[in-house]
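Trainee: I would like a close look at one part of this structure, the open sheet. Please start there and then link it to its surroundings.

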Amino acid sequence: MEAKRAEVVVLGAGPAGLAAGVALARAGCSPWIVERDDTPGGLMRGLRHGAYQVDLGRKELYDRIPEVVRLWESLLGEDLRPYAHRVGILYDGVIIERERVYRGALRGLPPRMLARGARDFVRARVRRVRDRRPPSNLEEYWIDRRGEFLTRALSQGYQEKFTGVPYRARPVPEEQSGSKARASTAEAVKALVDRLQAPSREVVFRHPRRGTQQIVDAMVAEIERHGGRFLFGATVKSIAHEGGRVRHIELDQRGETRRLGCDAVVSGLPLMLLARVLGVADDALLRVDWNRSRRTLIGYFFLDAPPRFSHAWLEVSCPKLSIGRITSYDAFGGEMCPPGRGAIAAELYLDALDPRAAAEDEEVLDALEHELVTAGLVVKETIVDRRLVRIRGSEASVDYRNWTDPLVESLLARLEAFENLFDANRAGIDVATFAGLEAARAIVTGDAARFRAVADPRTPYSDYERLA
Ligand SMILES: Cc1cc2nc3c(=O)[nH]c(=O)nc-3n(C[C@H](O)[C@H](O)[C@H](O)COP(=O)(O)OP(=O)(O)OC[C@H]3O[C@@H](n4cnc5c(N)ncnc54)[C@H](O)[C@@H]3O)c2cc1C
């Protein structure tokens, strides 16, 4: 077994690990970056297919953390380009606009849907007068406020596919529980008008000209330029620790066991995996591991013409379609597709036991293609190639709330007890990047307290938005 001494080791070359790698390398720390795959990027990686270079499903880069935006700007310059952030919701063959500038008076809702929405809204109000019981779950909560049709069309249909959890099984929002859970008619009308018409936050969305892989490539180049090194095809098997300090990492690199001694470690590994390799996971924790029970499959369709809609992505709330989200890469306006062509990604969110999770690629692609064509989004004859990607170990709907589960919080407390270990895996590319940068800063300055305070994985996204 080869024993090698490394000062700083970064586990995982996703956005968190790469950002830490950039900051450490720029500070002269020459980190070792250990990555299981043969290529870098984690869930931010792109996919090259002939002349196409697309993202891993839908990738929206948020501008809410100034340090992260500065990093991307420093790496990409002019190639971080604004695009028309036209996004929508697909329901029953109709695209409902989500962005203010495209909303118009009725957000693209045809009169028949508007009439149905108005009828269901009035029904919900009448029911509300008869039944004074507060809503007992999220479905009742939203129907009380929006009526049945608009609840399903605007959010429920998509959210239930995305998370795999029916609204009926989810509680009413915590801050609205008790008597506040019931909306008066005036409140419900105001909330509905806000939802349908009020301006969304003024944001200029930007995307790399050649997709998220361009950020990955730029980070790798920057790390190598400053003396950082990569170990690809190297799987972390265990992390040895003693007296509250990580001592060494045991890896399997293409069948060969290696050991890396270390003074400090940044981990971008999925949180529960980190718990397992550290030997601090128990059965209860494994039960709340969000990556174990769900699968994300992405069907790519490469086209010799643009698709029949001009949105960058659509959330599919329509129950007739199993697809959860559809991304169209030519709508980002960069060079992800060759000129005059298009590429679509259709995301499917499945429980691990769903038979489609084990179906042959061609079978899944046939089903997705049928949905895209029958929904009128793609002309069959324009499809020149297709490909299925199965994302292993990653639940797409995870957000900061997953970290507020009491079992996860107790794990976080245990991780914090390791003085030279910085866990930077987060939900959201920008948040993970920020945590990576802050982990590096903690190692360089010795100020671990700041990392724990500003890069807490439980921080609500609205807190970052307030700072932006
Ligand atoms: C379908 C989908 C769509 C998403 N869309 C968006 C979006 O639009 N906007 C957004 O901000 N976020 C989005 N996210 C979330 C975002 O991708 C993640 O939050 C982010 O990538 C987390 O970064 P990370 O570096 O912490 O982890 P990851 O990106 O998961 O990287 C972890 C790395 O660790 C490596 N690894 C795993 N196990 C081992 C091991 N044993 N040994 C060595 N290496 C290992 C992996 O190969 C990977 O490279 C999406 C996620 C999914 C699944």
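Mentor: What follows goes through the sheet strand by strand, then turns to the rings, the cores and two hairpins. Keep in mind that this is a predicted model.

Start with the layout. The sheet is open and has 7 strands. Their order is β8-β7-β16-β17-β18-β15-β19. Pairing is mixed. Two strands stand at the edges: β8, residues 94-97, and β19, residues 383-391. Each has a single partner strand, so one side of each is left without a neighbour in the sheet. From one strand to the next, the twist averages 25°.

Now take the β8 edge. Its partner there is β7, residues 87-91. The two run antiparallel and share 4 bridges. Look at Tyr91 to find the register: its bridge partner in β8 is Val94.

Move along to β18, residues 342-351. This strand is mostly covered, with 9 of its 10 residues buried. In the sheet order, β18 sits between β17 and β15. On one side, β17 and β18 run antiparallel and are joined by 4 bridges. Ser328 stands opposite Ile344 of β18. On the other side, β15 and β18 are also antiparallel, here over 10 bridges. Leu297 has Leu348 in β18 as its bridge partner.

A helix lies across this part of the sheet. Helix α12, residues 361-374, crosses β15, β17, β18 and β19. Its direction is at about 120° to β19. For reference, β15 covers residues 294-303 and β17 covers 325-328.

What sits in the core that includes Ile344? Nonpolar side chains tend to be buried together in soluble globular proteins. The largest nonpolar core of the model has 79 residues. Those with the most contacts inside it are Leu11, Val34, Trp72, Val236, Ile239 and Ile249. Helix α14, residues 429-445, gives the most to this core, with 10 residues. Ile344 belongs elsewhere: a second, separate core of 36 residues includes Ile344 together with Cys318, Ile323 and Leu365.

Trp72 deserves a stop. Beyond its sequence neighbours up to four places away, Trp72 touches Met44, Leu61, Tyr62, Gly77, Leu80, Ile215, Ile429, Asp430 and Thr433. One of these, Tyr62, has a charge over its ring. Arg64 lies over the face of Tyr62, at 4.1 Å from the ring centre. Trp142 has a similar visitor: Arg146 lies over the face of Trp142, at 4.2 Å from the ring centre.

Next, the rings. The count of aromatic pairs comes to 14. Tyr329 and Phe332 form a stacked pair. Their centres are 6.4 Å apart, with 25° between the planes. Tyr329 is buried, at 1% relative accessible area. Phe332 is buried as well, at 3%. The pair of Phe434 and Tyr464 has its ring centres 6.1 Å apart and its planes at 80°, so this pair is edge-to-face. Phe434 lies in helix α14 and Tyr464 in helix α16, residues 461-467, so the pair ties together parts that are 30 residues apart in sequence. Both Phe434 and Tyr464 are buried. Back to Tyr329 and Phe332: they share one aromatic cluster with Tyr52, Tyr83, Tyr300 and Phe302.

Two hairpins are worth a look too. In one, β11 (residues 234-242) and β12 (residues 245-253) pair antiparallel over 8 bridges. His241 has Val246 in β12 as its bridge partner. There are 2 residues between the strands, and Gly243 takes a positive phi near 60°. In the other, β12 pairs antiparallel with β13, residues 256-261, over 6 bridges. His248 stands opposite Gly261 in β13. This hairpin also has 2 residues between its strands, and Arg254 takes a positive phi near 50°.

Finish with a loop residue. Val165 sits in the loop between α6 (148-163) and α7 (185-197). Its relative accessibility is 31%, so Val165 counts as partly exposed. Leaving aside neighbours within four places in sequence, Val165 is in contact with Glu160 and Arg170.

Methods: Residues numbered from 1 in each chain as written. Predicted model: local features only at pLDDT ≥ 70, side-chain atom pairs only at ≥ 80, totals over all residues. Heavy atoms only, no water. Pairing = 2+ DSSP bridges. Axes fitted to C-alpha atoms, helices over the stretch in contact; angles between N-to-C directions. Contact = heavy atoms within 4.5 Å. Buried < 20%, exposed > 50% of the residue type's maximum accessible area, 1.4 Å probe, protein only. Core = buried A, V, L, I, M, F, W, Y, C linked by side-chain atoms within 4.5 Å. Phe/Tyr/Trp six-rings, centres within 6.5 Å; stacked < 30°, edge-to-face > 60°. Lys NZ or Arg CZ within 6 Å of the ring centre and 35° of its normal.
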